[in-house]
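Colleague: Let's go through this structure together. I will ask how each label is earned, and you show me the reasoning.

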Amino acid sequence: MSTTLTADERETLIAPLLANGWSMVNGRDAIQKTYVFGNFVAAFGFMTQAAIWAEKLNHHPEWSNVYKTVDVTLTTHDCDGLSALDAKLGAKMDALVKG
């Protein structure tokens, strides 16, 4: 079972994501980011790659896709807040976009 991040862990793991375009979700211990791609195929390709990593980590995002836009929310349901898994998956998603 995952544990909620401490204040120090948040500074180390979540702050870099916030500096890279993620934001805290109002009213929840979660982060969110919107990715915009050139077209639907690029957005769907990103989701496919991210899904493979999510499965490897056994940590699955809340997300939606409309045409070239992918909205992602990360939180860990079994600890009801942000965990190291959210930081790992968020960083991996950002790395997938950077290529």
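Modeller: Start with the outside. This is a predicted model. The accessible surface of the protein chain is about 5600 Å². Carbon and sulfur atoms hold 56% of that surface.

Colleague: What makes the protein chain as compact as a globular protein of its length?

Modeller: Set two values side by side. The radius of gyration is 13 Å. The globule rule gives 13 Å for 99 residues. The two are close, so the chain counts as compact as a globular protein of that length. The C-alpha atoms fill a box of roughly 40 × 25 × 25 Å along the principal axes.

Colleague: Which elements make up the chain, and in what order?

Modeller: There are 3 helices and 4 strands. From the N terminus, the order is α-β-β-α-β-β-α.

Colleague: How do you know that β1 and β2 pair?

Modeller: Pairing needs at least two bridges between the strands. β1 and β2 are joined by 2 bridges, so they meet that cut-off. They run antiparallel. One of the partnerships links Ser-23 to Gln-32 in β2.

Colleague: Why are β1 and β3 called edge strands?

Modeller: Look at the order of the open sheet: β1-β2-β4-β3, with antiparallel pairing. β1 (23-24) and β3 (62-66) each pair on one side only. That is what earns them the name of edge strands. As for the helices, α3 packs on the sheet and touches β2, β3 and β4. The direction of α3 makes about 15 degrees with that of β2.

Colleague: How much of the chain is buried?

Modeller: Buried residues make up 35% of the 99 residues. To count, a residue must have under 20% relative accessible area.

Colleague: What makes a group of residues a nonpolar core?

Modeller: The residues must be buried, of nonpolar core types, and joined through side-chain atoms within 4.5 Å. The largest such core here has 20 residues. Trp-22, Tyr-35, Phe-46, Val-70 and Met-93 touch the most other members. At least two residues come from each of α1 (7-19), β2 (31-36), α2 (40-57), β4 (69-74) and α3 (84-98). α2 gives the most, with 5 residues. In soluble globular proteins, nonpolar side chains tend to be buried together.

Colleague: Which residues does Tyr-35 contact, leaving aside its neighbours within four places in sequence?

Modeller: Among them are Trp-22, Phe-46, Val-70, Val-72, Met-93 and Val-97. Contact means heavy atoms within 4.5 Å. Across the chain, 64% of the contacts with a separation of 6 or more join residues 24 or more positions apart.

Terms used:
Residues numbered from 1 in each chain as written. Predicted model: local features only at pLDDT ≥ 70, side-chain atom pairs only at ≥ 80, totals over all residues. Heavy atoms only, no water. Buried < 20%, exposed > 50% of the residue type's maximum accessible area, 1.4 Å probe, protein only. Axes fitted to C-alpha atoms, helices over the stretch in contact; angles between N-to-C directions. Rg over C-alpha atoms; globule rule 2.2 N^0.38 Å. Areas by Shrake-Rupley, 256 points an atom, 1.4 Å probe, with all protein chains shown as cover.
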